[in-house]
Amino acid sequence: MAERLCNIWQTWHLYQDKEEVVLWMNTVGPYHNRQETYKYFSLPFCVGSKKSISHYHETLGEALQGVELEFSGLDIKFKEDVMQTTYCEIDLDKGRRDAFVYAIKNHYWYQMYIDDLPIWGIVGEADENGEDYYLWTYKKLEIGYNGNRIVDVNLTSEGKVKLVPNTKIQMSYSVKWKKSDVKFEDRFDKYLDPSFFQHRIHWFSIFNSFMMVIFLVGLVSMILMRTLRKDYARYSKEEEMDDMDRDLGDEYGWKQVHGDVFRPSSHPLIFSSLIGSGCQIFAVSLIVIVVAMIEDLYTERGSMLSTAIFVYAATSPVNGYFGGSLYARQGGRRWIKQMFIGAFLIPAMVCGTAFFINFIAIYYHASRAIPFGTMVAVCCICFFVILPLNLVGTILGRNLSGQPNFPCRVNAVPRPIPEKKWFMEPAVIVCLGGILPFGSIFIEMYFIFTSFWAYKIYYVYGFMMLVLVILCIVTVCVTIVCTYFLLNAEDYRWQWTSFLSAASTAIYVYMYSFYYYFFKTKMYGLFQTSFYFGYMAVFSTALGIMCGAIGYMGTSAFVRKIYTNVKID
């Protein structure tokens, strides 16, 4: 099926000799602010004489990412060379000159597309003194073809003309076709950067994280197995004592809270919604990474975002199943309310952030402003796809695994929690719990941030899959250790503690985003800053919810296991 779709897609890129080839002008914006983009013709460029062709957003992802394709008006035909030809003239009055000067001062550059291949060019440049400004007026296109397909495009900007008010500037272009040996399937390879993504530091970070996993798993296994063995031996010995000896003995440890350890968590409605959402985010991450490993999603505009939205909607039953079943096991009765909160928790967070940033984008007249029709489409997906599928998952979860089957009976009266040392308090455990998970992924965060906020195409999804697996293992190990120490201090509030100690990874990721912004980028301006910190908050929160759900699920299995294996009166 995938091969057939690939063949269909390739047929769209077949050309006959002298068939029209469209040069689309996309966006223009400051180099250091990748997301601050505007329509190409928002600058006073002139259009070629050829009849305009309208373009419609092909995908939802393309619309959300601010792709604004406009026809250049240039006459280009397959395998037909064009000598330097003037295609239009700019009447440079003071207002237009000021617009170009502002763009040159802020290092504006533009993006174009030929046959879905991106091309970048710079608007102009200033002299060394910054007094005179020059516009590049000649677009020299060199297009490579292999058979009847376009496989390579290069742009050279020439014709530097000084910007002088009340003059006319002629814009010109030329096209040279050359035969190429590049295969159509490999035509995007030139945009990848193996020296960056496959640098030995990247390999070393993966190896380092993997060794940390082995060490941590070994340490956890050794500590818990030896300690639990001693605990079981001590508890078995206590079982053999008579009542007088047991009363005189020094009873302590996790067994003492067996009547409260399976007590429902505080705020079960919110808690179960977070767990369900975290499980869904994990499923989405796993599926999208696998799809990206199989298919080269970077070859199509907006395909990664479109895939993520589709997979998120399709995996909504996962959210309903895990959230609904957990809420039922904890004795929750307002299951419809829980279903609504679980279904809209993540979409509301993302849409709320996007809505806020959209106001700024509209004020800036940026291409990132989301069209009203796209907003309606997203809302329809939420109400007519995500919500019904979440309902199906909730009903299945409540009926298949909604019955409480705890190995210990829950006491009617909660046991008082004894005083303990400050470092055993849940708040301290939560703050420290996210350090190791963050340490296992922070190098990969640099590569992911650079691909999104700078001009790199992320394609090493095998690395990302390894990092996801490592993150899951580290998170589960850390939360199990934290929970064991908490229960050993006779504090049975482990549900929220296990979730939050893993979710605190998000705090460290967001703190790292501040470091990345100030020391690794040259971003500036209200729009770009709001866009960066707004969506980094969304990313960090989603990552935290996913880690929290993973930590809770692993810890829940551990707690159930240790209390199943101990004899309880």
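**Exercise 1. How many residues does helix α11 have, and how far does α11 reach from its first C-alpha to its last?**

The model is predicted: local features need pLDDT of at least 70, side-chain atom pairs count only at pLDDT 80 or more, and totals for chains, interfaces and linings use all residues. Residues are numbered from 1 along each chain as its sequence is written, and side-chain values use heavy atoms, with hydrogens and water left out.

Step 1. Locate the helix. Helices (H or I, at least four residues) and strands (E, at least two) are DSSP runs, numbered from the N terminus. Helix α11 covers residues 372-401, which makes 30 residues.

Step 2. Take the span. α11 reaches 41 Å, close to the 44 Å expected at 1.5 Å a residue. The expected span is 1.5 Å times one less than the number of residues.

**Exercise 2. Find where α11 and α13 change direction.**

Step 1. Fix the term. A bend at a residue is the angle between axes fitted to the seven residues ending there and the seven starting there.

Step 2. Take α11. It bends by about 30 degrees at Ile386. Pro388 follows within four residues.

Step 3. Take α13, residues 435-453. Its kink is about 45 degrees and is centred on Ile441.

Step 4. Check burial at both sites. Buried means under 20% relative accessible area, exposed over 50%, partly exposed in between (1.4 Å probe, protein chains only). Ile386 is buried in α11. Ile441 is among the buried residues of α13.

Step 5. Ask what covers α11. The cover of its buried residues includes α2 (60-64), α8 (303-314), α9 (316-329) and α10 (335-364).

**Exercise 3. Find the disulfide and describe its setting.**

Step 1. Search. A disulfide is a pair of cysteine sulfur atoms within 2.5 Å. The whole structure holds one.

Step 2. Name the pair. Cys46 and Cys88 form the disulfide, with sulfur atoms 1.7 Å apart.

Step 3. Read the torsion. About the S-S bond it is about 60 degrees, so the disulfide is right-handed.

Step 4. Place both ends. Cys46 lies in the loop between β2 (38-39) and α2, and Cys88 in strand β4 (residues 82-92), so the pair ties together parts 42 residues apart in sequence.

Step 5. Check burial. Cys46 is buried at 13% relative accessibility. Cys88 is buried at 10%.

Step 6. Contrast Cys431. It is in no disulfide; the nearest cysteine sulfur, that of Cys482, is 11 Å away. Cys431 is partly exposed, at 47%.

Key. Contact = heavy atoms within 4.5 Å.
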